[in-house]
Amino acid sequence: MSASNPLVQIETSMGEIVLELFVDKSPVSVSNFIQYAKSGHYEGTIFHRVIKGFMVQGGGMTAEMVEKPVGEPIVNEASNGVKNRVGTVAMARTSEIDSATAQFFINTEDNKSLNYTGSNPRDFGYAVFGQVVDGMDVAYTMEQQATGSRDGHDDVPLESIVILSVEVLD
């Protein structure tokens, strides 16, 4: 853990998760995440995509499955050399390389298929910008929740897992 890397506390309805953000490896993603956190964007969003043995994703949808407004997409920093391993946090995106906005996910497995392996869209991967330093048990509890389909989305927890707050710690 580097002294210069910010810590962020995510308070969820299932418990607390603390992240260390890799400002040296993913400066754009870290700045983006901190901006959303400080603006209060994440409050009231849910972990809307939970896949056992893969990851838990949140930060963009309300409990009513309404997508919150977001800013401009950011550049994808997946070529930074940081792998999608257990406990790392990465930016979610669409099939377009530079499409990440506010949504993020916590890897609950080593997800080699999400790593950068080339510059074309299929191989570009997902930018890791931090890691869980406390509360990985909470992410594992999340991935155990029963899920279903809702409003056109699959793998949605039947009982909402709400992000109550995201605070940048000094």
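Contact is taken here to mean heavy atoms within 4.5 Å. In the structure, which is a predicted model, Ile10 touches Gly15, Glu16, Ile17, Leu19, Phe33, Phe104, Ile163, Ser165 and Val166, with residues up to four places away in sequence left out of the count. Ile10 also belongs, together with Phe33, Tyr42 and Phe104, to the residues that have the most contacts inside the largest nonpolar core, a set of 31 residues. Helix 1, spanning residues 27–39, contributes the largest share of this core, namely five residues. Separate from this set is a second core, made up of eight residues, among them Phe22, Met55, Val82 and Val128.

The largest pocket encloses about 390 Å³ of space. Its lining comprises 21 residues, of which Gln57, Ala92, Arg93, Thr94 and Gln103 are the closest to the pocket centre. Strand 3 (45–51) and strand 4 (55–62) each supply at least two residues of this lining, and strand 4 gives the most, with five residues. By residue class, the lining of the largest pocket divides into 10 nonpolar, eight polar and three charged residues.

Strand 8 (residues 147–150) and strand 9 (residues 153–157) run antiparallel and are joined by three bridges. Arg150 has His153, in strand 9, as its bridge partner. The two strands form a hairpin with two residues between them, where Asp151 takes a positive phi near 50°.

Terms used: Residues numbered from 1 in each chain as written. Predicted model: local features only at pLDDT ≥ 70, side-chain atom pairs only at ≥ 80, totals over all residues. Heavy atoms only, no water. Core = buried A, V, L, I, M, F, W, Y, C linked by side-chain atoms within 4.5 Å. Buried < 20%, exposed > 50% of the residue type's maximum accessible area, 1.4 Å probe, protein only. Helix = DSSP H or I, 4+ residues; strand = E, 2+ residues; numbered from the N terminus. 1 Å grid on protein atoms, 1.4 Å probe; cavity = no way out; pocket = protein on both sides within 12 Å on 5 of 7 lines; lining within 4 Å. Points joined across faces, edges and corners; volume = space filled by probe spheres on them. Nonpolar A, V, L, I, M, F, W, Y, C, P; charged D, E, K, R; others polar. Pairing = 2+ DSSP bridges.
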